[in-house]
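Today I opened a new notebook page to look up some side chains and helices. Come and read along with me.

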Amino acid sequence: MPEPNVTVAQAMRPRLPSCTLRSPVMEVARKMQEDGVEHVVVASAGSDLIAGSVSELDLLRAVIDGKTEAMASDVMTMEAPATISAQEPLAAAVARMDSERIEFFVVVDGSPSRPVGLLSHAELAAYLARG
């Protein structure tokens, strides 16, 4: 378990991997590979409004279903991703991930809250590896 004074901000990916509803599926796949992420947040063009997310599993289903010419909106998970404050203790984020089976958080900060990053199992592992 991380130290009690460590915050989500210290472990998160500082840039939120995202695409728009109209992004082509293959473009989303390339972005995920280039950014080294398993999830991309789908946002409405020109806003911070999050409509859902695309995961590696969503992309795999798109390929199996022959939807490689589809848009992100056609293959995304419609449920808005879980959010967490950048100032939240990292230990609390880990506990929530475990108890609620959360794969990743959109990290928010400021007033009003705005997306500032991503915290997934990969970022947690990288943070712990840095020691």
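Below are my entries, one topic at a time.

**Ground rules.** I am working with a predicted model, where local features need pLDDT of at least 70, side-chain atom pairs count only at pLDDT 80 or more, and totals for chains, interfaces and linings use all residues. Residues are numbered from 1 along each chain as its sequence is written, and side-chain values use heavy atoms, with hydrogens and water left out.

**Entry 1: salt bridges.** How many salt bridges does a search of the whole structure find? I noted five. A salt bridge here is a side-chain nitrogen of Lys or Arg within 4 Å of a carboxyl oxygen of Asp or Glu.

I looked up R13 and E123, whose side chains form a salt bridge at 3.1 Å, N to O. This pair links distant parts of the chain, 110 residues apart: R13 is in the loop between α1 (8-11) and β1 (18-20), and E123 is in helix α6 (residues 121-130). My helices (H or I, at least four residues) and strands (E, at least two) are DSSP runs, numbered from the N terminus.

Are these two partners buried or exposed? For this I used relative accessible area: buried is under 20%, exposed is over 50%, and partly exposed is in between (1.4 Å probe, protein chains only). R13 has 22% and counts as partly exposed, whereas E123 has 7% and counts as buried.

Next I looked up R15 and D35, which meet in a salt bridge of 3.2 Å, N to O. R15 lies in the loop between α1 and β1 and D35 in helix α2 (residues 25-35), so this salt bridge ties together parts 20 residues apart in sequence. R15 is partly exposed at 46%, and D35 is buried at 18%.

Then came R96 and E100, with their closest N and O atoms 3.3 Å apart in a salt bridge. Both belong to helix α5 (residues 90-100), and being four residues apart they are separated by about one helical turn. R96 is partly exposed at 26%, and E100 is partly exposed at 45%. I also wrote down a network: salt bridges that share partners join R15, K31 and D35.

**Entry 2: the buried side of α5.** Which residues of α5 are buried? I listed L90, A91, A93 and M97. They cover an arc of only 160 degrees around the axis (taken from the directions from the helix axis to the C-beta atoms), which puts them on the same side of α5. The buried residues of α5 pack against α1, β4 (82-85), β5 (104-109), β6 (114-120) and α6; contact means heavy atoms within 4.5 Å. Just after α5, R101 takes a positive phi of about 55 degrees.

**Entry 3: two helices crossing.** The axes of α2 and helix α3 (residues 56-64) come within 11 Å and cross at roughly 140 degrees. Axes are lines fitted to C-alpha atoms, for helices over the stretch in contact, and angles run from 0 to 180 degrees between N-to-C directions. α2 and α3 are therefore oblique to each other; angles under 35 degrees count as roughly parallel, over 145 as roughly antiparallel, 65 to 115 as roughly perpendicular, and the rest as oblique. Where they meet, I found V25, V28, A29 and M32 of α2 against E56, L59 and A62 of α3.

**Entry 4: a proline.** P4 sits in the segment before α1 and is exposed at 67%. The C-alpha atoms of P4 and P89 are separated by 6.5 Å, with their positions 85 residues apart along the chain.
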